[in-house]
Amino acid sequence: MQWIGLLIGLFSFVIIGIFHPIVIQCEYHFTWKIWPAFLAAGLICLMLSLFLEDVLFSSLLSVLGFACLWSIGELKEQRKRVEKGWFPANPKRAAEKRSEGDKREG
């Protein structure tokens, strides 16, 4: 029997599930402007997956790379969700925006 397909599916499910809270936390702490880090991580994972001979690890690294790339769009969507009030905004950033507005007025 071949179990590798089931393992790839299971780990893909776990990787995708882990990225939901990662995106939420990254947008909360760093804003959506952290997207270049996700781009770099995604491209590195995809490039490395090309050089691994083990099918399981190559597949998982590829799934991880594409999850990073997908997260770029999700960061921007998360920003919209925060603006709609569906997720909490970082109060430190709200205070920074207010202080920037005060500086501009004064």
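**Close-ups of a four-helix chain**

**View 1. H3 gives the second largest pocket the largest share of its lining, 6 residues.** This is a predicted model, and the pocket here holds about 160 Å³ of space. Helices H1 and H3 each put at least two residues into the lining. Look for Ile16, Phe19, His20, Val23 and Ile24 along the wall, together with Ala67, Trp70, Ser71, Glu74, Gln78, Arg81 and Phe87.

**View 2. Ser71 sits in helix H3 and is tucked out of reach of solvent, being buried at a relative accessible area of 2%.** Leaving aside residues up to four places away in sequence, Ser71 touches Phe19, Val23 and Phe38. Two of those names, Phe19 and Val23, also turn up in the lining of the second largest pocket, as does Ser71 itself. The third, Phe38, is one of the buried residues of H2.

**View 3. Helix H2 runs over residues 35–51 and has the length one would expect of a helix.** With 17 residues at 1.5 Å a residue, H2 should span 24 Å, and its end C-alpha atoms lie 25 Å apart, so the two figures agree. Which residues of H2 are buried? They are Phe38, Gly42, Cys45, Leu46 and Ser49. These buried residues take up an arc of only 95° around the axis, so they share the same side of H2. Their cover includes helix H1 (4–30) and helix H3 (55–83). Swing around to the face of H2 turned away from that buried side, and there are the exposed residues Ile44, Leu50 and Phe51.

**View 4. Two cysteines face a gap, and the disulfide count comes to 0.** Cys45 is in no disulfide: the nearest cysteine sulfur belongs to Cys68 and is 5.2 Å away. Why does that pair not count? A disulfide needs the two sulfur atoms within 2.5 Å. From the other end the story repeats, with Cys68 in no disulfide and the sulfur of Cys45 as its nearest, 5.2 Å away. Are these cysteines buried or exposed? Cys45 is buried, with a relative accessible area of 11%, and Cys68 is buried too, at 6%.

**View 5. Ile15, a residue of helix H1, makes its contacts with residues much later in the sequence, including Leu60.** Not counting residues up to four places away in sequence, what does Ile15 touch? The list is Leu60, Val63, Leu64 and Ala67. Take Leu60 as the example: Ile15 and Leu60 are 45 residues apart along the chain, yet their C-alpha atoms are separated by 8.7 Å. Ile15 is buried, with a relative accessible area of 15%. Ala67 is worth a second glance, as this residue also helps line the second largest pocket.

**View 6. Stepping back, the protein chain has 4 helices and 0 strands.** Read along the sequence, the pattern is simply α-α-α-α. Of the 106 residues, 26% count as buried; among them are Ser71, Ile15 and the cysteines Cys45 and Cys68. Among contacts with a separation of 6 or more, 69% come from residues 24 or more positions apart. The Ile15 and Leu60 pair from the previous view, 45 residues apart along the chain, gives a concrete case to keep in mind.

Conventions: Residues numbered from 1 in each chain as written. Predicted model: local features only at pLDDT ≥ 70, side-chain atom pairs only at ≥ 80, totals over all residues. Heavy atoms only, no water. Expected span 1.5 Å × (residues − 1). Buried < 20%, exposed > 50% of the residue type's maximum accessible area, 1.4 Å probe, protein only. Arc of directions from axis to C-beta. Contact = heavy atoms within 4.5 Å. 1 Å grid on protein atoms, 1.4 Å probe; cavity = no way out; pocket = protein on both sides within 12 Å on 5 of 7 lines; lining within 4 Å. Points joined across faces, edges and corners; volume = space filled by probe spheres on them.
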